[in-house]
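Thanks, everyone. I'll take the DNA contacts, then the protein interface. Here is the model.

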2 protein chains.
Amino acid sequence: MAEPLYRQIAQDLRRKIESGDLAPGARLPNEVEFGEEYDVSRNTIRDAIKWLTIRGLVETRPGQGTFVVGRIEPIVTTLSDDRDPEAGMAGGEGAAAFAEIEERLRQQKEHQRRHAGEEAESGDAVAGAWPEAKPSATIPTVEVKGAPEYVAERLRINTDDEVVVRHQQFYIGRTPWSLQTTFYPMDLIERGATDLLRARNIAEGTVKYLAGRLNLTQCGSRLRILVRAPNENEARFFCLPDDGRVSVFSLVRTGYEERAGDSPYPFRVTFTVLPADRNQFVINQGIVPDELAAPARDQ
Amino acid sequence: MAEPLYRQIAQDLRRKIESGDLAPGARLPNEVEFGEEYDVSRNTIRDAIKWLTIRGLVETRPGQGTFVVGRIEPIVTTLSDDRDPEAGMAGGEGAAAFAEIEERLRQQKEHQRRHAGEEAESGDAVAGAWPEAKPSATIPTVEVKGAPEYVAERLRINTDDEVVVRHQQFYIGRTPWSLQTTFYPMDLIERGATDLLRARNIAEGTVKYLAGRLNLTQCGSRLRILVRAPNENEARFFCLPDDGRVSVFSLVRTGYEERAGDSPYPFRVTFTVLPADRNQFVINQGIVPDELAAPARDQ
DNA sequence: GCAAATTTGTTCGTATGTATT
DNA sequence: CAATACATACGAACAAATTTG
């Protein structure tokens with residue numbers, strides 16, 4: 001037995017899916033029938049299906065069946081752009097990213113209009129990925145608490161020194177898009193940035209607010225990008241399958257202010273979490289074409 | 001039955017692992033004993049273990065047992081830095097990234113020396129993640145073939161127009177680190193960049209080579225970052241578990257040259273693939289602290 | 001180097017629960 | 001409510017990988 005039965009079956013199905021023989025949205029035979037077709041037991045078929053599920057090729061729905069999933073049209077966000085340093089601030093962060101999202105959605109819609117009919121009768125898993133989608137954000141929740149270790153480390157304060165925590169959820173249409181949590185040292189409040197404690201949007205953006213209020217200018221920022229499994233909260237918010245297949249991007253941006261006679265000092269750290277299966281990021285350096293970067297495909 | 005049995009068991013184990021009750025490297029009881037302990041069948045225990053496996057908390061080894069996996073110390077790569085535009089070229093690409101890797105390894109080793117003994121008797125899964133590790137690269141393989149669609153799109157050429165394909169594998173010590181494939185339009189060869197066809201390293205880097213040889217300067221580049229499941233090749237090269245748990249980063253960098261009276265025109269596209277469970281990226285904007293960015297943790 | 005013991009991997013069968021139509 | 005389809009759980013047997021004696 002070179003390869004286990006369930007994997008032979010899975011590979012066979014994978015081939016059929018990738019060749020388009022099984023179109024996105026198509027329903028597979030039910031597990032019993034399917035087992036008879038391949039002349040194996042139901043459990044073996046289930047193992048094969050599980051293998052495909054983990055890889056995101058099919059999706060099972062209790063009471064309905066197993067379906068081939070379509071490719072998700074990714075959302076592209078620009079993290080940094082030499083030509084427009086402000087754009088970087090958008091970096092998947094806060095309302096500042098909305099302008100880009102809106103522009104992209106407009107273009108996507110246009111693209112779809114131009115290519116209407118090309119994709120023929122694809123299942124609804126593919127069609128109109130972002131119908132009538134406007135970006136929106138929840139009212140921020142505000143909390144004061146001791147800094148967790150991973151925050152204290154970034155802000156150069158002690159663990160359990162107090163910090164202000166502002167948390168927001170972002171949607172595109174009714175689809176959850178990102179979770180964002182920013183930590184500010186209490187220090188900033190004492191210096192007069194009292195609006196940070198109020199549970200309402202700071203229209204101009206917190207960075208600009210701090211600039212106007214405290215004369216605090218962000219001289220630079222450092223963004224870390226990592227990928228990990230979602231925690232329970234995230235899985236629930238993003239409606240991720242609980243088989244742990246989809247991981248999330250975690251963007252950690254630390255903002256620095258200039259201090260006289262000192263090296264740049266951190267004054268905020270923002271954690272942004274987005275599902276890794278439907279987001280892409282772009283970094284522009286130097287002179288690049290004007291149009292927004294299109295989603296990339298490889299392989 | 002609010003929650004299935006196998007998940008209750010998995011959650012219980014997860015708690016024990018995350019609280020450190022079960023240390024990294026620790027071996028779990030075998031499946032039969034374990035089943036008796038929880039008073040469930042072997043299959044149910046296996047379901048629980050599978051749940052943990054998919055999330056990367058434990059690892060099963062046939063003939064040996066199930067083990068708690070330790071946290072992997074991530075490799076951090078700087079993708080772009082305002083203060084040093086050259087650093088961006090390193091961006092996980094080619095030999096240029098070696099300097100940073102080496103500096104980081106040196107610092108990590110020092111850090112380990114300073115904190116020696118702190119971690120006590122942790123399993124060998126954790127200790128010395130990168131022992132005696134020097135970055136290295138294979139001799140590039142060179143190929144001429146028709147451009148695949150996803151390349152033609154980026155280089156603004158026709159599908160099946162010929163391109164030069166240069167491919168390299170990178171290691172840190174004996175650990176596979178990244179796979180890299182760069183596509184150049186045949187056009188460049190005709191203009192005189194014949195070294196692109198030779199299967200040997202271009203010491204100065206191809207971008208500099210093209211600058212010297214063709215007076216072609218890269219005026220800018222656009223980097224796309226996405227995450228996806230590894231293909232068969234990648235899984236084999238990186239020794240990824242075949243349960244599809246670990247996904248890979250795919251970095252797609254398009255390099256642009258200035259053309260008189262025209263917008264920037266693409267002259268190369270590089271695909272770099274790295275495992276997502278042991279790599280992080282950093283983007284520096286403006287003025288940030290001098291030291292290399294430390295790996296981030298969140299949650 | 002080989003054989004035995006241990007441990008996980010695969011496959012079958014069967015029964016019952018839960019979600020959807 | 002009934003039918004359909006996937007989800008969970010149990011039990012059993014043999015295969016394959018690894019370590020140990």
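Start at a base of DNA strand D: a polar side-chain atom of Asn43(B) lies 2.7 Å from a base oxygen there. That is a polar contact, meaning a pair of N or O atoms within 3.5 Å; within protein, one must be able to donate a hydrogen and the other to accept it, and residues adjacent in sequence count only if both atoms are side-chain atoms. Chain A reaches the backbone of this strand, with a polar side-chain atom of Thr60(A) 3.0 Å from a phosphate oxygen. Gln64(B) has a side-chain N or O atom 3.5 Å from a sugar or linking oxygen of DNA strand D.

Which elements give two or more residues to the surface near strand D? From chain A they are H3, strand S1 (58-61) and strand S2 (65-68); from chain B, H1 and H3. H3(B) gives the most, with three residues. Helices here are DSSP runs of H or I with at least four residues, strands are runs of E with at least two, and both are numbered from the N terminus.

A word on provenance. This is a predicted model, where local features need pLDDT of at least 70 and side-chain atom pairs count only at pLDDT 80 or more, while totals for chains, interfaces and linings use all residues. Residues are numbered from 1 along each chain as its sequence is written, chains are lettered from A and ligands numbered from 1 in the order written, and side-chain values use heavy atoms, with hydrogens and water left out.

Back to strand D. There are 23 residues around it, and Glu31(A), Arg46(A), Leu5(B), Asn43(B) and Thr44(B) come nearest. Near means a heavy atom within 4 Å. Of the DNA strand D atoms within 4 Å of the protein, 72% belong to sugar or phosphate, the rest to bases.

Now DNA strand C. It has 24 residues around it, with Leu5(A), Thr44(A), Glu31(B), Arg42(B) and Thr60(B) nearest. Sugar and phosphate make up 67% of the strand C atoms within 4 Å of the protein. Arg42(B) goes to a base: a polar side-chain atom sits 2.7 Å from a base nitrogen. Two residues go to phosphate oxygens: Leu5(A) with a backbone N or O atom at 2.3 Å, and Thr60(B) with a polar side-chain atom at 2.9 Å. H3(A) supplies the largest share of this surface, three residues.

Next, the protein interface. In chain B, 61 residues contact 60 residues of chain A, with contact meaning heavy atoms within 4.5 Å. The two chains bury about 5,300 Å² between them, 48% of it on carbon and sulfur atoms. Buried area is the accessible area (1.4 Å probe) lost on putting two parts together, summed over both. Arg222(B), Gln285(B) and Gln299(B) supply 14% of the area chain B buries there, more than any other three residues.

How many salt bridges cross the interface? Four, each a side-chain nitrogen of Lys or Arg within 4 Å of a carboxyl oxygen of Asp or Glu. One pairs Arg297(A) with Glu149(B), at 3.8 Å, N to O. There are also 24 residue pairs in polar contact between the chains, both residues at pLDDT 80 or more. S8(B) gives the largest share of chain B's side, ten residues.

S8(B) also pairs across the chains. Strand S11 (residues 279-286) of chain A joins S8(B) through six bridges, running antiparallel; pairing needs at least two DSSP bridges. There, Ile283(A) stands opposite Leu223(B).
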